[in-house]
Structure formats: structure tokens, C-alpha cells
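Here is a short tour of one protein model, written to be read with the structure open beside you. Take a look at it first, and then we can walk through a few of its features together.

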Amino acid sequence: MLEFMPIENWIIMLVVILISLYPTIFKGKVEVGKLKPRKLLALFGVLTAGFAFLILYGYFTGGFDGEESVAWLIILEVCLVGGAIALFGEGYLVKGKYNDQYIEFYTPWSGLKKEKWSNLTKVNHRVLNAYYALRFDNGTTIRVSDTLVGAPELVEHIDALRINID
């Protein structure tokens, strides 16, 4: 007889499907020449931070037994808080704009970068990391995430400039 999966498995499958369809479902308003973050990533960051605080609350209220769990708890907290900061930063603070002359891009991790298209030497697409690496002749690299609103339009713009994307 065929048994149904527990509800937790169905929830996990639904979350995985929604996250994989995320760029399509939550497209956002595209403005030509602008790169904007998807606010849903910032929401995931806030939810991740909330989960980290719930675990910490559980520890301080006696929800965890034994000394051996403290090391794992610290590792888990560092990962969750780091992930929350990264998600919030990517979902709220990253932005950029471009035109026929230049691209200007800001991230909290690398600051503001402004480069002329004429100095662009190479573009790589990193599928596993989900970003385009734009390399310029002065050594500057601008990494544009696939999740940004306007990223497909930027790729079209790079194609129109007749620059190969590896």
C-alpha cells in the first residue's frame, strides 16, 4: 500500500519549488537601465534572523540539554546570523544602473563601482553562484546577481555591445 509523505516533506518540497521559481514569480517592476534587489530576499533575511533568535531564546530558557550541544548551537547561530545579514544586504541594499556609456553598481560588501563599458574585457556567468562577473581592464570586477530585477535586461545590453559571455 502506498503511504503518503509526512506534511513536513510536502512543506519542504513546496518551499524548494517556490524558491526555484522565485525569479519568475516575484519578477518586480523592471525599469530599463536599473538593477534593483528583490525585497523578498530581505524578508527571508529577517525571517532567518528571527529563527536564530528563537533558537537563542530556547537555549537561554533551558531548551537544550548537555554541554556537547553548545558548540553546535554556536556554529548554527553564526551560520544563521551570517545568512540573515547576507540575505538582507542582497535583498535591500544592492542596486545599480547602466546606460550606453557606463555601469554603476553598489553592494554593501564591495562599495560603489563605476566603470565604462569600453573598459569591459570579459564577462563570465557563474551558474553555481548565480551571478555575472564583469571584468574590466583596470582589474575591477562587478558581480551582478541573477536575482536582481533587471539582470536579464543587463545581459541583453551586454549582448548588444557585442561582448561574449562565457
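## A hairpin of two strands

This is a predicted model. Let's begin with strands E3 and E4, which are joined by a hairpin through three residues. E3 covers residues 102-107, and E4 covers residues 111-116. The two strands run antiparallel, with six bridges between them. If you would like a pair to find on screen, phenylalanine 105 of E3 stands opposite lysine 113 in E4.

## The second largest pocket

Phe105 also helps to line the second largest pocket, which has a volume of about 150 Å³. Strands E1 (34-35), E2 (95-98) and E3 (102-107) each give two or more residues to this lining. Among the lining residues are Lys34 and Leu35, Lys95, Gly96 and Lys97, and Glu104 and Tyr106. Leu112 is part of the lining as well.

What is the chemical character of this lining? Its residues divide into five nonpolar, one polar and five charged.

## Helix H3

Now turn to helix H3, which takes in residues 39-60. Its 22 residues should span 32 Å at 1.5 Å a residue, and because its end C-alpha atoms are 32 Å apart, the model agrees with that expectation.

Which residues of H3 are buried? They are Leu40, Leu41, Ala42, Gly45, Thr48, Ala52, Ile55 and Gly58. Just after the helix, glycine 62 takes a positive phi of about 85 degrees.

Key: Residues are numbered from 1 along each chain as its sequence is written. This is a predicted model: local features need pLDDT of at least 70, side-chain atom pairs count only at pLDDT 80 or more; totals for chains, interfaces and linings use all residues. Side-chain values use heavy atoms; hydrogens and water are left out. On a 1 Å grid over the protein atoms alone, a cavity is a set of points where a 1.4 Å probe fits but cannot get out, and a pocket is an open set with protein on both sides within 12 Å along at least five of seven lines; lining residues have an atom within 4 Å of a point. Grid points are joined across faces, edges and corners, and a volume is the space filled by probe spheres set on the points. Helices (H or I, at least four residues) and strands (E, at least two) are DSSP runs, numbered from the N terminus. Ala, Val, Leu, Ile, Met, Phe, Trp, Tyr, Cys and Pro count as nonpolar, Asp, Glu, Lys and Arg as charged, and the others, Gly among them, as polar. Two strands pair if DSSP finds at least two bridges between them. The expected span of a helix is 1.5 Å times one less than its number of residues. Buried means under 20% relative accessible area, exposed over 50%, partly exposed in between (1.4 Å probe, protein chains only).
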